[in-house]
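Subject: Structure handover and findings

Hello,

Here is the structure we discussed. Please open it alongside this email; my notes follow below.

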Amino acid sequence: MSLTPIGQPRQKITVASLREKKLRHEPITCLTAYDYSTARLVDEAAIDIVLVGDSLAQIMLGYENTLSVTIDEMLHHSKAVRRGVKHALLIADMPYGSYHATSDEAVRNAARFVKEAGAEAVKIEGGEKRADLIHRIIDAEIPVAGHIGLTPQSVNVMGGFKVQGKTLNAIEQLMRDAVALAHAGVACIYLEGIPREVAAMITAEIETPTIGIGAGPDCDGQVLVFHDILNLTFGPPAKFVRRYGDAAAEVTNAVQSFRADVLSRQYPADSESYHLPKETKAALDTVLERKRGMRR
């Protein structure tokens with residue numbers, strides 16, 4: 001396995017790159033991003049896939065779940081992320097309602113992510129019931145990423161965010177879903193919230209790369225939410241989340257220090273202030289002195 005050192009020239013990641021990585025048994029890395037600055041940081045850290053997830057509904061917009069976010073909101077954030085991504089493959093989530101009515105509408109909405117936001121693939125939740133729709137979108141020259149297991153847009157049907165695939169019947173359905181998506185030609189399949197053993201079976205069964213989140217270490221790649229790994233969310237993390245930093249503490253400390261410096265008049269210092277040119281200051285001093293003399 002070869003890894004490109006951070007800071008070194010790297011090739012553009014494409015849909016074809018993902019399949020090559022699977023063939024070489026090279027792990028695929030994926031993180032979410034929702035704005036330009038985050039996207040730049042993630043891309044420059046040599047992450048393979050940047051995902052504009054509909055999780056921005058909760059993280060960036062404060063919604064209760066992903067169901068409320070609109071296609072225009074997703075496009076707005078996807079455009080910002082596009083400006084920050086140079087090398088990673090950019091995948092955008094199609095939000096709830098953007099592909100659930102008719103296939104024609106779904107294709108039009110998918111095309112908006114490509115034309116308006118520069119996405120290189122769109123992600124759609126659902127298994128074999130989405131296969132025909134995915135065929136239609138791919139026929140329109142738009143790569144698609146699949147998503148099965150715990151699908152957040154189905155939270156009301158599932159009765160909450162629960163691990164999927166815990167019974168033999170459920171495992172069989174997940175296998176059918178994965179095979180159907182692979183046959184439909186998806187670029188990759190996100191496996192969320194399923195037992196490790198089931199994810200391993202799916203990954204071994206299909207040639208399509210699998211990206212796990214809460215699906216164990218046997219997937220071809222892993223994805224986490226950027227804000228989760230930096231403790232920038234306001235709640236207890238899921239079992240599968242590993243914290244790699246505490247940006248919340250850093251931000252809080254910085255903000256509190258700024259406030260304290262302003263209240264104590266230690267900010268800004270003279271060195272952090274702009275000054276008049278010497279000639280202008282001398283002239284101004286003369287004018288002020290004359291005015292003071294006139295008031296005496």
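Start with Lys22, which is buried, with a relative accessible area of 11%. Please keep in mind throughout that this is a predicted model.

**Lys22 and Asp220**

Lys22 sits in helix 1, residues 15–23. Which partner does the side chain of Lys22 find for a polar contact? The side chain of Asp220, at 2.9 Å. Beyond four places in sequence, Lys22 touches Thr203, Ile206, Glu207, Thr208, Pro209 and Asp220.

**Asp93, Lys123 and Tyr190**

Asp93 belongs to strand 3, residues 89–93. Its relative accessible area is 3%, so Asp93 counts as buried, the cut-off being under 20%. A polar contact of 2.7 Å links the side chain of Asp93 to the side chain of Lys123. Lys123 also lies over the face of Tyr190, 5.5 Å from the ring centre. So follow Lys123 in both directions: to Asp93 by a polar contact, and to the Tyr190 ring by its position over the face.

The neighbours of Asp93, leaving out residues up to four places away in sequence, are Leu51, Val52, Gly53, Asp54, Met74, Phe113 and Lys123. Phe113 brings us to the core.

**The nonpolar cores**

In soluble globular proteins, nonpolar side chains tend to be buried together. Here the largest nonpolar core has 59 residues. Phe113, Ile137, Leu191 and Ile202 have the most contacts inside it. Which helix gives the most to this core? Helix 8, residues 168–184, with 8 residues.

A second, separate core has 15 residues. Among them are Ile13, Cys30, Tyr190 and Ile211. Note Tyr190 again: its ring is the one under Lys123.

Back to Phe113. Its contacts, not counting residues up to four places away in sequence, include Ile71, Met74, Leu75 and Ser78. Ala92, Asp93, Met94 and Pro95 are also touched by Phe113. So are Gly118, Ala119 and Val122.

**Ala80 and helix 4**

Ala80 is in helix 4, residues 71–84. Ala80 is buried, with a relative accessible area of 16%. Ala80 touches Asp35 and Tyr36, with residues up to four places away in sequence left out. The C-alphas of Ala80 and Asp35 are 5.2 Å apart, across 45 residues of sequence.

**Ala140 and Glu141**

Now the loop between helix 6 (131–139) and strand 5 (144–149), where Ala140 lies. Ala140 is partly exposed at 34% relative accessible area. Ala140 and Ala248 are 108 residues apart in sequence and 42 Å apart in space, C-alpha to C-alpha.

Glu141 is in the loop between helix 6 and strand 5 too. Buried or exposed? Glu141 is exposed, with a relative accessible area of 69%. The phi of Glu141 is near 70°, a positive value in a residue other than glycine.

Ala46 also has a positive phi near 70°. Ala46 lies in the loop between helix 2 (36–44) and strand 2 (49–52).

**Helix 11 and what follows**

Helix 11 covers residues 247–263, 17 in number. From first C-alpha to last, helix 11 reaches 24 Å, close to the 24 Å expected at 1.5 Å a residue. Just after helix 11, Arg265 takes a positive phi of about 60°.

Then look at Tyr267. A cis peptide bond joins Tyr267 and Pro268, with omega about -5°. Pro268 is in the loop between helix 11 and helix 12. Tyr267 also pairs with Phe258. How are the two rings arranged? Edge-to-face: 6.0 Å centre to centre, with 65° between the planes. The count of aromatic pairs comes to 1. Tyr267 is partly exposed, at 42% relative accessibility.

His275 lies in the loop between helix 11 and helix 12 (278–295). At 54% relative accessibility, His275 counts as exposed because the cut-off is over 50%. The side chains of His275 and Asp270 share a polar contact of 3.2 Å.

Best wishes

Methods. Residues numbered from 1 in each chain as written. Predicted model: local features only at pLDDT ≥ 70, side-chain atom pairs only at ≥ 80, totals over all residues. Heavy atoms only, no water. Phe/Tyr/Trp six-rings, centres within 6.5 Å; stacked < 30°, edge-to-face > 60°. Buried < 20%, exposed > 50% of the residue type's maximum accessible area, 1.4 Å probe, protein only. Lys NZ or Arg CZ within 6 Å of the ring centre and 35° of its normal. Helix = DSSP H or I, 4+ residues; strand = E, 2+ residues; numbered from the N terminus. Expected span 1.5 Å × (residues − 1). Core = buried A, V, L, I, M, F, W, Y, C linked by side-chain atoms within 4.5 Å. Contact = heavy atoms within 4.5 Å. Polar contact = N/O pair within 3.5 Å; in protein donor to acceptor, adjacent residues only side chain to side chain.
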